[in-house]
Amino acid sequence: MTFDELNLNPTLLEGLEAMGFREATPIQEQAIPMILENKDIIATAQTGTGKTAAFLLPVLNKLASRESTETTHINTLVVVPTRELAGQIDKMLQGFAYYIPISSIAMYGGVDGASFIQQKKAFTEGADIIISTPGILISHLNMSYVNFDHLEHFILDEGDKMLDMGFYKDILRISKYLPESRQTLLFSATMPPKIKKLASEILKEPVHVSTSAIKPATGVTQIAYVVYEEQKILLANHILKVHQQFKSIIIFCSRKTTVKSLLLDLKESGFSACEIHSDLEQREREQIVQDFKNRKYRILIGTDVISRGLDIDGIDLVINYEVPQNSDEYVHRVGRTARHSSTGLGYAFTFISEKEQYKFIRIEKELDIEVTRFEPPGYIGEGPKLAEPKAFRESKPYKERDQVKNGKNGKNPKRKFFRKKNA
């Protein structure tokens, strides 16, 4: 379906044409008509499928059709989990709305005094669209000058990630400041029980919109290497030297300490690399992302802070230096390559240590996939014995742990034990 067929405002269509957007993705095709009908929706779709445009375009369509362009209040509030995602949405918004007179601002913590004053001005004088992380939004709410009386749209993006980061109560608190008559849109890559519970509290008779179940992008070739922990740096060096065809690479680590040590190791080996993690100031992070986009660096090493909210085309290879904590994060990491099927191809290599094999097999089970295992190059030494995925899934320890997780063996996984106090 083309965007013309969605009956969008001609001015908005002009902006889409200028950006090269012509065909709507499945999530856009399903969500946009429902949003234009002012229905609350819960939308689920995997990363890289165009969820951001699915909620921005109908909101912009309404703003483009209004009688007056004067901004005196807040029309739309978009709440996101990370500052990177806030910045990305704002940039995409500016592109879509190039021919539409709207005002918008991205808000997040860690800014200087001048930026905070600019944020306050948006709240007090009005802005069509505010994109904010929960923490800074609550900071402004605590100062009693925020007025959402005329708010029409409340949008939560990456809802599952926000709840994973502990923002459940914050979202409920924010929603209490909003008018009852608002339209609420909840977008999430996955639909865990916590999201369903949140939806029941803040949405009214929502329409469920969903594409296929979350899976790694179809254009990604997935490969796993089983190695000892100390062999990972040797394997990384090998891949980066041998595969010169990969010009833009993201390496994911689960810990900041690993990011920092890996950066030093790769720089000592002569590779062009940079790092990004939560210890860096926002200005530093933005500059690093821009430099990476401009191909100043071949390799970007980061934590899961960049697995969502980082929209960079042309990523050739993703390396999971450490196995992610769950299947959701695996899909989001892998989704950084072959993004939007821009090239149709991408590669994802996962380094699995002996202790991480069970974790990775669980990810495969949850995603119903089986990733091909490769042994490391002979010159770096033999790796640990491969755990056979199918056999391992049928093993007694695996089944018992699975039963405990699901509470099917009479044990309560959340049960707490208390030491008896002395009399």
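## A tour of two sheets, two cores and some helix pairs

Start with helices α2 and α3, whose crossing is right-handed. Keep in mind along the way that this is a predicted model. To display the pair, select residues 26–36 for α2 and 51–64 for α3. Their axes lie 9 Å apart and the packing angle is about 30°. Angles under 35 degrees count as roughly parallel, and α2 and α3 are therefore roughly parallel to each other.

Now show side chains at this contact. On the α2 side, pick Ile27, Gln28, Ala31, Ile32, Ile35 and Leu36. Facing them from α3 are Lys51, Ala53, Ala54, Phe55, Leu57, Pro58, Asn61 and Lys62.

**Into the core**

Next, select Phe3, Phe55, Leu60 and Phe187: these residues have the most contacts inside the largest nonpolar core, which holds 40 residues. Two or more residues each come from α1 (10–19), α2, β1 (41–44), α3, α4 (83–96), β4 (129–132) and β6 (183–188). Helix α3 gives the largest share, eight residues.

Center the view on Phe3. What is Phe3 in contact with, leaving aside its neighbours within four places in sequence? The list is Leu8, Leu13, Leu16, Phe21, Arg22, Glu23, Ala24, Gln28, Ile32 and Leu57. Another core of 34 residues lies apart from the largest one; to find it, select Ile138, Leu141, Leu163 and Ile174, which are among its members.

**The sheet from β1 to β7**

Switch to a cartoon view and follow an open sheet of seven strands, in the order β3-β4-β2-β5-β6-β1-β7, with parallel pairing. Which strands stand at the edges? They are β3 (104–107) and β7 (207–210); each has a single partner strand, so one side of each is left without a neighbour in the sheet. From one strand to the next, the twist averages 15°.

For a close-up inside this sheet, select β5 (residues 153–156) together with β6: four bridges join these parallel strands. Among the residues to label are Phe154 and its bridge partner in β6, Thr184. Then add helix α5 (residues 113–125), which packs on the sheet and touches β3 and β4. The direction of α5 makes about 130° with that of β3.

**The sheet from β8 to β14**

Move along the chain to an open sheet that also has seven strands and parallel pairing, ordered β10-β11-β9-β12-β13-β8-β14. Its edge strands, β10 (273–276) and β14 (372–374), each pair on one side only. Here, neighbouring strands are turned by 25° against each other on average, direction ignored.

Select β10 and β11 (residues 299–302) to see a parallel pairing over four bridges. Cys274 has Leu300 of β11 as its bridge partner. Helix α12 (residues 282–293) packs on this sheet, where it touches β9 (249–252), β10 and β11. Compare directions: α12 makes about 145° with β10.

**Last stop: another helix pair**

Finish with α13 (residues 327–334) and α14 (residues 357–367), packed at an angle of about 85° with their axes 9 Å apart. That angle makes α13 roughly perpendicular to α14. To see the contact, show Ser327, Tyr330 and Val331 of α13 along with Phe360, Ile363, Glu366 and Leu367 of α14.

Notes
Residues numbered from 1 in each chain as written. Predicted model: local features only at pLDDT ≥ 70, side-chain atom pairs only at ≥ 80, totals over all residues. Heavy atoms only, no water. Core = buried A, V, L, I, M, F, W, Y, C linked by side-chain atoms within 4.5 Å. Buried < 20%, exposed > 50% of the residue type's maximum accessible area, 1.4 Å probe, protein only. Contact = heavy atoms within 4.5 Å. Pairing = 2+ DSSP bridges. Axes fitted to C-alpha atoms, helices over the stretch in contact; angles between N-to-C directions. Parallel < 35°, antiparallel > 145°, perpendicular 65-115°, else oblique. Left-handed = near helix turned anticlockwise from the far one by under 90°.
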